[in-house]
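Grab a coffee and work through these short exercises with the model open beside you. Try each one before reading its solution.

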Amino acid sequence: MHDRTRLVISDTLALLIYSTLGAGISELFIAGMAWEQVVWARLMAIPAILLTGWPYGLYRDWLFRVGRAQSQLRRLLFDTFAFISFQMPVYAAILWTAGATLPQILTAISSAIVVISISGRPYGLLLEAMRRLFRVSPDGLVQD
């Protein structure tokens with residue numbers, strides 16, 4: 001498998017896992033969406049995740065380089081900022097398309113921002129773990 005392909009798959013799979021679990025729980029228990037709405041939102045998210053998983057990884061890597069995110073604190077802050085600034089507009093569109101009301105969308109986004117503020121770094125760690133699993137670095141090179 002081509003090195004760049006492995007990077008695309010690892011980044012996309014990490015976002016798919018994180019978004020399905022994290023957003024689904026938030027939509028159901030915090031935003032008060034019905035099971036049917038959650039299922040539709042998660043299904044509607046799949047194409048968006050397939051389209052944004054790798055670009056998000058590139059965006060995050062760029063922010064890390066520009067911000068020299070080497071310390072654990074800086075990595076936490078940059079992971080949180082990257083996820084909020086990149087994914088929240090996509091998430092709002094998915095919820096709207098799935099039939100969520102404006103109050104539900106605002107509640108889901110607000111809770112997602114709180115959750116992401118807490119879990120931004122764990123998502124970054126998941127992304128890094130997926131890259132190790134697929135043996136690729138952010139530049140798409142195979143790691144031995």
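**Exercise 1.** Work out how far apart the mean positions of the positive and negative charges of the protein are.

*Solution.* Keep in mind that this is a predicted model. Start by counting: there are 12 positive charges and 9 negative ones. Next, take the mean position of each set; the two means lie 7 Å apart.

**Exercise 2.** Find out whether the radius of gyration of the protein agrees or disagrees with that of a compact globule.

*Solution.* First, the expectation: for 144 residues, a compact globule would come out near 15 Å. Then the model: the protein has 15 Å, so the two agree. For the dimensions, the C-alpha trace spans about 45 × 35 × 20 Å along its principal axes.

**Exercise 3.** Describe the secondary structure, then place Thr-12 in it.

*Solution.* Step one: the tally is four helices and zero strands, which reads α-α-α-α along the sequence. Step two: Thr-12 sits in helix α1, residues 3-30.

**Exercise 4.** Decide whether Thr-12 is buried or exposed, and list what surrounds it.

*Solution.* Begin with the relative accessible area of Thr-12, which is 11%. Buried means under 20%, so Thr-12, at 11%, is buried. Now look for partners beyond four places in sequence: Thr-12 is in contact with Ile-49, Leu-50, Gly-53 and Trp-54. Closer along the chain, the Thr-12 side chain reaches the backbone oxygen of Val-8 at 2.8 Å. Finally, check Leu-58: it is 46 residues away from Thr-12 along the chain, with 11 Å between their C-alpha atoms.

Notes. Residues are numbered from 1 along each chain as its sequence is written. This is a predicted model: local features need pLDDT of at least 70, side-chain atom pairs count only at pLDDT 80 or more; totals for chains, interfaces and linings use all residues. Side-chain values use heavy atoms; hydrogens and water are left out. Helices (H or I, at least four residues) and strands (E, at least two) are DSSP runs, numbered from the N terminus. The radius of gyration is taken over C-alpha atoms; the globule rule is 2.2 Å times the number of residues to the power 0.38. Lys and Arg count as positive and Asp and Glu as negative; His and the chain ends are not counted. The place of a charge is taken as NZ of Lys, CZ of Arg, CG of Asp or CD of Glu. Buried means under 20% relative accessible area, exposed over 50%, partly exposed in between (1.4 Å probe, protein chains only). Contact means heavy atoms within 4.5 Å. A polar contact is a pair of N or O atoms within 3.5 Å; within protein, one must be able to donate a hydrogen and the other to accept it, and residues adjacent in sequence count only if both atoms are side-chain atoms.
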